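Got your viewer open and ready? Let's take a walk through this structure, one selection after another.

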Amino acid sequence: MKKTAIVILNWNGQKLLEEFLPSVVRFSSEATIYVADNASSDDSVSFIKRTFPTVKIIQNTDNFGFAKGYNQALRFVEEEYYALVNSDIEVTENWLQPIIELFDNEPETAIVQPKILDYKNKQLFEYAGAGGGFIDKYGFPFCRGRIFQTLEKDNGQYDDSIDIFWASGACFFIRKEIYRNLGGFDEDFFAHQEEIDLCWRAFNQNLKVKYCGKSTVYHVGGATLKESNPHKTFLNFRNSLWMMLKNLPKKSLFPVLFVRLSQDGLAGIKFMTEGKFTHLWAILKAHFYFYLKLFKFLNKRESKQYDNYYKIKSITYHYFVKKGKVFENKF
């Protein structure tokens, strides 16, 4: 058995598989490749069987979304290292070796992310992950190479290997043992920010998440749910609140949540002034579900949380008030 499993979650993504699966097959001889299909109604499965007979297929019984889709499929994958790869990722030659070596040489490292660049403009970092992820005190995620909508050009400034807080679900490496010990992704999330929640739970168990700049992939981004989609707004705001409820240190739990809820209100006002009423409604609905599931997610809290989870107190203040558009190590 090979040490690494590449697992691509698919739902009605035949066109994406036609475009991006060839690079994965070509440059991943060290790994076993799986496609986990979320009960697609298109010809994805027959296309894979016909065109890529070496790719193994795991067929889920329904469209379980990202979180449950992977949880269901990975029960059948026994390789030591999992590489969870979006179907709109183009990989590059020798992309696997640096990450496999990192896992082999650093047993304390649980999760790894490669450099993620924009497939449509390969000089830029890509929104979902870029050069490694962090959060601020109030749970807002940002990356080296991407703060809110500002993307940096890749000039080799993040070719290093460093500890980060979260790794992008677009291309997410994790040890099988750690994935199973953590219980996988939180299935209540369905999609969006479940990888940050998983990394936060790993952090609360003193496990390391790392970025590996020697490995590069290209991500289309928004291929399954575009940034302008209000349902994406709903999932991001709801899941972020649930994630904080689960993982914030006890002493700062409710003060931090109060500030975050207030900031969400300001975001709602901004959407309203821009005439984006569907996005305003998405935030209101996200808050409704946050309160609806309040006690359920309080019961998901682990016994230990740490205060030093955030890189900067407020990335929104840094970005919108101080005009800090580019990641700086002085954070």
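Start by selecting N94. With a relative accessibility of 44%, N94 counts as partly exposed. You'll find N94 in the loop between β5 and α4 (97–105). Check its backbone while you're there: phi of N94 is near 65 degrees, a positive value in a residue other than glycine. Keep in mind as you click around that this is a predicted model.

Now hop over to Q193, which has a positive phi too, at about 70 degrees, although it is not a glycine. Q193 sits in the loop between α5 (176–181) and α6. Is Q193 buried or exposed? It's buried, with a relative accessible area of 9%.

**The annotated domain**

Next, select residues 6–182. The UniProt record, an unreviewed entry, places the feature "domain: Glycosyltransferase 2-like" here. Colour the span by secondary structure and you'll be looking at 26% helix and 30% strand. The C-alpha atoms at the two ends of residues 6–182 lie 20 Å apart.

Inside that span, pick N38, in the loop between β2 (31–37) and α2 (44–51). N38 has a relative accessible area of 2%, so it counts as buried. Which residues does N38 touch, leaving aside those up to four places away in sequence? Show L9, N10, W11, N60, D62, N63, F64, G65 and G69 around it. Among these, N63 is worth a closer look, as its side chain makes a polar contact with the side chain of N38 at 3.5 Å.

**Aromatic rings**

Time for rings. Searching the whole structure turns up 28 aromatic pairs. Take F165 and W200: their ring centres are 5.6 Å apart and their planes stand at 75 degrees, so this pair is edge-to-face. These two come from distant parts of the chain, 35 residues apart, with F165 in the loop between β11 (161–164) and β12 (171–175) and W200 in helix α6 (residues 194–203). Both partners are tucked away: F165 is buried at a relative accessible area of 6%, and W200 is buried at 0%.

Now move to F234 and Y289. Here the ring centres are 5.6 Å apart and the planes lie at 70 degrees, so this pair is edge-to-face as well. Again distant parts of the chain are linked, because F234 belongs to helix α7 (residues 230–247) and Y289 to helix α9 (residues 277–292), 55 residues apart. F234 is buried, with a relative accessible area of 5%, while Y289 is partly exposed at 30%. Before leaving, add K285 to the selection: K285 lies over the face of F234, 4.6 Å from the ring centre.

For a group view, select F66, Y70, Y82, F172, Y179 and F185. Ring pairs link these residues into a cluster.

**Charged partners**

Side chains of opposite charge can pair when their charged atoms come close. How many salt bridges does a search of the whole structure find? There are 21.

Go to K122, which takes part in a salt bridge with E90, the closest N and O atoms being 2.7 Å apart. This pair links distant parts of the chain: E90 is in strand β5 (residues 89–91) and K122 in the loop between β6 (109–118) and β7 (133–135), 32 residues apart. K122 is partly exposed, with 37% relative accessibility. Show Y218 as well, since the charged end of K122 sits over its ring, 4.5 Å from the centre.

Next stop, D154 and K115. They form a salt bridge with the closest N and O atoms 3.1 Å apart. D154 lies in the loop between β10 (150–151) and β11 and K115 in strand β6, so the bridge ties together parts 39 residues apart in sequence. K115 is buried, with a relative accessible area of 4%.

Now return to helix α6 and select R201 and D197. Their salt bridge has its closest N and O atoms 3.0 Å apart. The two residues are four apart in helix α6, which means about one helical turn separates them. Both R201 and D197 are buried.

To finish, widen that selection. D186, D188, D197, R201, K246, K296 and K300 are linked in a network of salt bridges.

How values were computed:
Residues are numbered from 1 along each chain as its sequence is written. This is a predicted model: local features need pLDDT of at least 70, side-chain atom pairs count only at pLDDT 80 or more; totals for chains, interfaces and linings use all residues. Side-chain values use heavy atoms; hydrogens and water are left out. UniProt positions are given in the numbering used here, feature names are shortened, and annotations may be inferred rather than shown by experiment. Buried means under 20% relative accessible area, exposed over 50%, partly exposed in between (1.4 Å probe, protein chains only). A polar contact is a pair of N or O atoms within 3.5 Å; within protein, one must be able to donate a hydrogen and the other to accept it, and residues adjacent in sequence count only if both atoms are side-chain atoms. Contact means heavy atoms within 4.5 Å. Rings of Phe, Tyr and Trp (its six-membered ring) pair if their centres lie within 6.5 Å; planes under 30 degrees apart count as stacked, over 60 as edge-to-face and the rest as tilted. A charge sits over a ring if NZ of Lys or CZ of Arg is within 6 Å of the ring centre and within 35 degrees of the ring normal. A salt bridge is a side-chain nitrogen of Lys or Arg within 4 Å of a carboxyl oxygen of Asp or Glu.
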